[in-house]
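Biologist: I should like to take a close look at a single part of this protein, after a brief view of the whole. Please explain each term as it arises.

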Amino acid sequence: MLSHGALICTSMLFFALWMDTPSPHLHDDIPVYSPAIGAVESVIVRFNGTLDFPSIYRGPPSPEIDAAWARIAHDVLPTRMSLEEILKAGEVDSPSKVKYPPKFGGGFMVSMEAPHQLHCLNLLRKASWPEYYGSTETSFQDTPKVFRMYLDHCIEMIRQNIMCNVDVMMITWDWVQGHKVPFPNFNTRHQCRNYEKILDWAVKHAVHIDKSEVTRFEDTVDLPLPSDLMHHNV
């Protein structure tokens with residue numbers, strides 16, 4: 001009986017220690033609040049990294065490709081957060097933050113990161129086709145210094161996002177007929193978030209307000225203008 005009791009106690013101890021061990025998938029995740037967290041749905045996706053893979057997002061510029069990018073890449077798709085949500089997300093109630101007028105429901109003006117990141121990627125795509133977008137893309141009409149600043153901003157935002165969401169999935173290498181060196185196989189499986197569901201949430205919760213209605217409150221305090229924008233109309 002004593003040996004059985006000792007075995008049970010030992011088993012319970014190891015079970016408790018196992019339960020207290022962080023999951024390898026979550027051990028360093030620090031959840032940051034977002035009102036869109038309820039729209040997050042995990043899906044398994046196999047990337048298609050074939051060099052000539054046909055995609056509605058790639059190829060020579062066309063109205064169809066522009067429309068595909070415009071649907072997923074919004075520079076600003078504003079929604080709202082309450083003061084309680086702002087604080088829950090780790091932000092502060094700064095007098096510089098934009099707020100909606102009471103007749104539009106109040107709250108803070110916010111927008112989601114992902115559509116802006118895709119907007120940045122779309123800007124880089126357009127920059128690779130200057131002969132097509134040079135006369136139509138508004139960002140291209142800025143001075144070379146300001147446009148370069150926008151491009152560097154986008155590159156830096158994408159870099160930070162990739163390094164933040166470190167992808168540890170493994171790429172296998174294959175011998176390919178007619179080649180003396182191995183090739184990486186980028187057609188790998190990944191656990192992703194369903195972007196369509198999150199985009200639906202963003203569209204559903206968007207606040208439709210004319211720019212003229214977005215006004216400063218009496219207690220508003222403007223942030224200092226970056227030096228690079230001192231002589232640029234924004």
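Biologist: Which pattern does the protein follow when read along the sequence? Thereafter, please turn to helix 6: which of its residues are buried, and what do they pack against?

Modeller: This is a predicted model, in which local features need pLDDT of at least 70 and side-chain atom pairs count only at pLDDT 80 or more, while totals for chains, interfaces and linings use all residues. Residues are numbered from 1 along each chain as its sequence is written, and side-chain values use heavy atoms, with hydrogens and water left out.

Read along the sequence, the protein follows the pattern α-β-α-β-α-β-α-α-α-β-β-β-α. The protein thus has seven helices and six strands; these are DSSP runs numbered from the N terminus, with helices being H or I of at least four residues and strands being E of at least two. Of the 234 residues, 22% are buried.

Helix 6 (144–164) has 21 residues and reaches 30 Å from its first C-alpha to its last, close to the 30 Å expected at 1.5 Å a residue. The expected span is 1.5 Å times one less than the number of residues.

The buried residues in helix 6 are Val146, Phe147, Leu151, Cys154 and Ile158. They lie on the same side of helix 6 because they cover an arc of only 145° around the axis, the arc being that of the directions from the helix axis to the C-beta atoms. An α-helix has 3.6 residues a turn, so residues three or four places apart point the same way. Buried means under 20% relative accessible area, exposed over 50%, and partly exposed in between, with a 1.4 Å probe and protein chains only.

The buried residues of helix 6 pack against helix 4 (113–127). On the face turned away from the buried side, helix 6 carries the exposed residues Lys145, Met163 and Cys164.

The loops on either side of helix 6 complete the picture. Glutamate 137 lies in the loop between helix 5 (130–133) and helix 6. Glutamate 137 counts as buried because its relative accessible area is 11%. Leaving aside neighbours within four places in sequence, glutamate 137 is in contact with Leu123 and Lys126, where contact means heavy atoms within 4.5 Å. Valine 166 is found in the loop between helix 6 and strand 4 (172–174). Valine 166 counts as exposed because its relative accessibility is 57%.
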